[in-house]
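Trainee: I have a model open and would like to go through it with you. Could we start at one end and work along?
Mentor: Gladly; let us put it up and begin.

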Amino acid sequence: TITVGARIEAVTDNTWSASENGAYLSFYTTDGNASQAQKLKIDNYSRISTSNNDLGGDNGDGYGRSGNTLFGHMAGNNIVSGSLSNTFIGHRAAASSPDNARYNVAVGQLSMYGASTTDYCVAMGAGSLQSVTTGNSNVAIGYGAGNALTTSGNNVLIGAYSGDAIAAGQTTTDGTVAIGYQSLSALTSGAENVALGFMSAY
């Protein structure tokens, strides 16, 4: 007989404080053999916000909410007022210090990790746009796509490691389109390039 189908458990030590790092909230479910298993654990490093649990501020849509969606270990960590309408999903996605970052989408471990004031970027894949700080309107899809890029903008990088040599502080590569595994992987300068295909212009 199953006596407890599910439970929520709040755990801390005997000396609780607002800065308590040992506290966590666990959710358990029970299978058909009355065996319980932890299915979700929320601790000090968990980041979950559906526009209502972050410091982004008011995005002006009439609901008084930030418009940010955060989910993952330290995703959107240290987000501050003015960072609005972002979606950060994944382990440490945009985890540095988003400051007035707006309308970005980052999905994947460390995607857009360094985001500061960047706007209108899409990063999908672990390490995609990992170092971006102020570069706007970039699209990077694939593992490590544009991972060293910081300030360059208006680039489209699709494929693992595509455009991964666009270096920190480099803005002369703006407007680049690289599609394919390691396409334009050696690009360090020169704007408005187009490379299409496996290791094209590598």
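Trainee: Which residue is the bridge partner of A6 in strand 2?
Mentor: The partner of A6 is T29, and I should say early that we are reading a predicted model here. That pairing belongs to a set of six bridges that join strand 1 to strand 2, residues 24-30, with the two strands running antiparallel.

Trainee: And what does T30 stand opposite in strand 3?
Mentor: T30 faces Q36 there, and strand 2 pairs with strand 3 over six bridges, again in the antiparallel sense.

Trainee: How many residues sit between strand 2 and strand 3 in the hairpin?
Mentor: Five residues lie between them, and A34, which is in that turn, has a positive phi of about 60°.

Trainee: So what is the strand order in the sheet, and is it open or closed?
Mentor: It is an open sheet of three strands in the order 1-2-3, with antiparallel pairing. Strand 1 (6-11) and strand 3 (36-42) are the edge strands, each of them pairing on one side only, and neighbouring strands are turned by 25° against each other on average, with direction ignored.

Trainee: I was looking at S26 as well. Is S26 buried or exposed?
Mentor: S26, whose place is in strand 2, has a relative accessible area of 0% and is therefore buried.

Trainee: What does the side chain of S26 make a polar contact with?
Mentor: The side chain of S26 makes that polar contact with the side chain of Q38, at 2.7 Å. Leaving aside neighbours within four places in sequence, S26 is in contact with R7, I8, E9, Q38, L40 and K41.

Trainee: Changing topic to the rings: how many aromatic pairs does a search of the whole structure find?
Mentor: The search finds four aromatic pairs. One of them is formed by Y103 and Y120, which are stacked at 5.8 Å centre to centre with 5° between the planes.

Trainee: Where do Y103 and Y120 lie?
Mentor: Y103 lies in the loop between strand 6 (87-89) and strand 7 (105-107), while Y120 lies in the loop between strand 7 and strand 8 (122-124), so the pair ties together parts that are 17 residues apart in sequence. As for its surroundings, Y103 is partly exposed, with a relative accessible area of 43%.

Trainee: What about Y161 and Y181, are they stacked or edge-to-face?
Mentor: Y161 and Y181 form an edge-to-face pair, 6.1 Å centre to centre and with 80° between the planes. This pair links distant parts of the chain, with Y161 in the loop between strand 10 (156-158) and strand 11 (177-179) and Y181 in the loop between strand 11 and strand 12 (194-196), 20 residues apart.

Trainee: And are those two buried or partly exposed?
Mentor: Y161 counts as partly exposed at 29% relative accessibility, and Y181 also counts as partly exposed, at 35%. Ring pairs link Y143, Y161, Y181 and F198 into a cluster.

Trainee: Now the interior. Which residues touch the most other members of the largest nonpolar core?
Mentor: That core has 21 residues, and F88, M112, L129, L149 and L157 are the ones that touch the most other members. As background, nonpolar side chains tend to be buried together in soluble globular proteins.

Trainee: What is F88 in contact with, leaving aside its neighbours within four places in sequence?
Mentor: Its contacts of that kind include L70, F71, I79, A94 and P98, with polar residues such as T69 and N104 also among them.

Trainee: A94 caught my eye; what is its phi?
Mentor: A94 has a positive phi of about 50° although it is not a glycine. A94 is in the loop between strand 6 and strand 7 and counts as buried, at 0% relative accessibility.

Trainee: And where is L129 found?
Mentor: L129 is found in the loop between strand 8 and strand 9 (139-141). Its phi is near 50°, again a positive value in a residue other than glycine, and at 0% relative accessibility L129 counts as buried.

Trainee: Last one: how many helices and strands does the protein have?
Mentor: The protein has zero helices and twelve strands. Buried residues make up 36% of its 202 residues, and the C-alpha atoms fill a box of roughly 65 × 40 × 30 Å, taken along the principal axes. Among contacts with a separation of 6 or more, residues 24 or more positions apart account for 8%.

Notes
Residues numbered from 1 in each chain as written. Predicted model: local features only at pLDDT ≥ 70, side-chain atom pairs only at ≥ 80, totals over all residues. Heavy atoms only, no water. Pairing = 2+ DSSP bridges. Helix = DSSP H or I, 4+ residues; strand = E, 2+ residues; numbered from the N terminus. Axes fitted to C-alpha atoms, helices over the stretch in contact; angles between N-to-C directions. Core = buried A, V, L, I, M, F, W, Y, C linked by side-chain atoms within 4.5 Å. Buried < 20%, exposed > 50% of the residue type's maximum accessible area, 1.4 Å probe, protein only. Contact = heavy atoms within 4.5 Å. Polar contact = N/O pair within 3.5 Å; in protein donor to acceptor, adjacent residues only side chain to side chain. Phe/Tyr/Trp six-rings, centres within 6.5 Å; stacked < 30°, edge-to-face > 60°.
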